Amino acid sequence: MSGLKIDQLGQATPVMVFDVESVGLHGEGFAVGLVVIKGGVEVDSGAFGCPQSYALDDAGNLPPHVSSDRQWVGENVPDVGALGSPFVVRERFWNVWSTWKSKGAVLAADCAWPVEGRFLNACVDIATDLRRWDGPYPLIEISTLLLAAVFDPMASFPRGENELPMHHPLADARQSARLMMMAIDKLKGAD
């Protein structure tokens with residue numbers, strides 16, 4: 001992908017922004033939300049997942065083991081689907097990503113380490129020989145764009161109606177996409 005320029009992100013160059021919910025920061029991802037921005041608007045979106053009880057926590061445990069992370073997820077993350085396993089969630093995500101990558105999209109996430117980064121590694125690990133070169137390159141880090149645009153990347157930003165509830169992966173992906181475009185617009189104005 002040559003010629004990638006910041007002022008083209010979300011405009012001529014589609015950007016797929018994604019958010020993953022996992023059981024703990026280093027646990028298994030069980031739900032994904034994504035939006036695709038092109039021409040400055042959302043052109044595709046979706047959310048899918050499996051029950052969090054199907055996902056391993058940070059220590060590699062499944063229920064009936066109860067961890068504070070699993071309890072937090074149960075209290076804060078809305079249910080987004082009934083796929084059969086985290087493996088199926090990863091495969092579905094990879095298929096959507098592959099489709100958009102073939103259309104020239106780049107991938108973006110806000111604070112991609114560790115949750116989204118580990119999720120992408122798990123996607124590649126399913127078929128390393130086939131996928132080792134198909135991951136996101138570059139992976140656009142939205143918090144870095146915010147920092148470059150002189151916003152506090154750790155701040156809590158107000159949410160629009162379609163960015164609620166918090167911790168729903170589609171709502172979080174929509175907020176991240178909006179913040180990415182806000183940072184890009186500010187950076188373009190700095191020329």
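Start with the largest pocket of this predicted model: select Asp 19, Asp 110, Cys 111, His 167 and Asp 172, the residues that lie nearest its centre among the 29 that line it. The space enclosed there comes to about 840 Å³.

Next, colour the elements that give two or more residues to this lining: strand E1 (15-22), helix H1 (68-76), helix H3 (115-125) and helix H6 (169-189). Put strand E1 on top of the selection, as E1 gives the most to the lining of the largest pocket, with five residues.

Now recolour the lining of the largest pocket by residue class. Nonpolar residues number 16, polar residues six and charged residues seven.

Move on to the second largest pocket. Select His 26, Gly 27, Glu 28, Gly 29 and Arg 118; of the 14 residues in the lining of this pocket, these lie nearest its centre. Which elements give two or more residues to the lining of the second largest pocket? They are E1 and H3. The volume of the second largest pocket is about 160 Å³.

Show helix H3 here, since H3 gives the most to the lining of the second largest pocket, with four residues. Colouring by class again, the lining of the second largest pocket has five nonpolar, five polar and four charged residues.

To finish, display both pockets together and keep E1 and H3 selected. E1 and H3 are among the elements that give two or more residues to the lining of the largest pocket, and E1 and H3 also give two or more residues to the lining of the second largest pocket.

Definitions and conventions
Residues numbered from 1 in each chain as written. Predicted model: local features only at pLDDT ≥ 70, side-chain atom pairs only at ≥ 80, totals over all residues. Heavy atoms only, no water. 1 Å grid on protein atoms, 1.4 Å probe; cavity = no way out; pocket = protein on both sides within 12 Å on 5 of 7 lines; lining within 4 Å. Points joined across faces, edges and corners; volume = space filled by probe spheres on them. Nonpolar A, V, L, I, M, F, W, Y, C, P; charged D, E, K, R; others polar.
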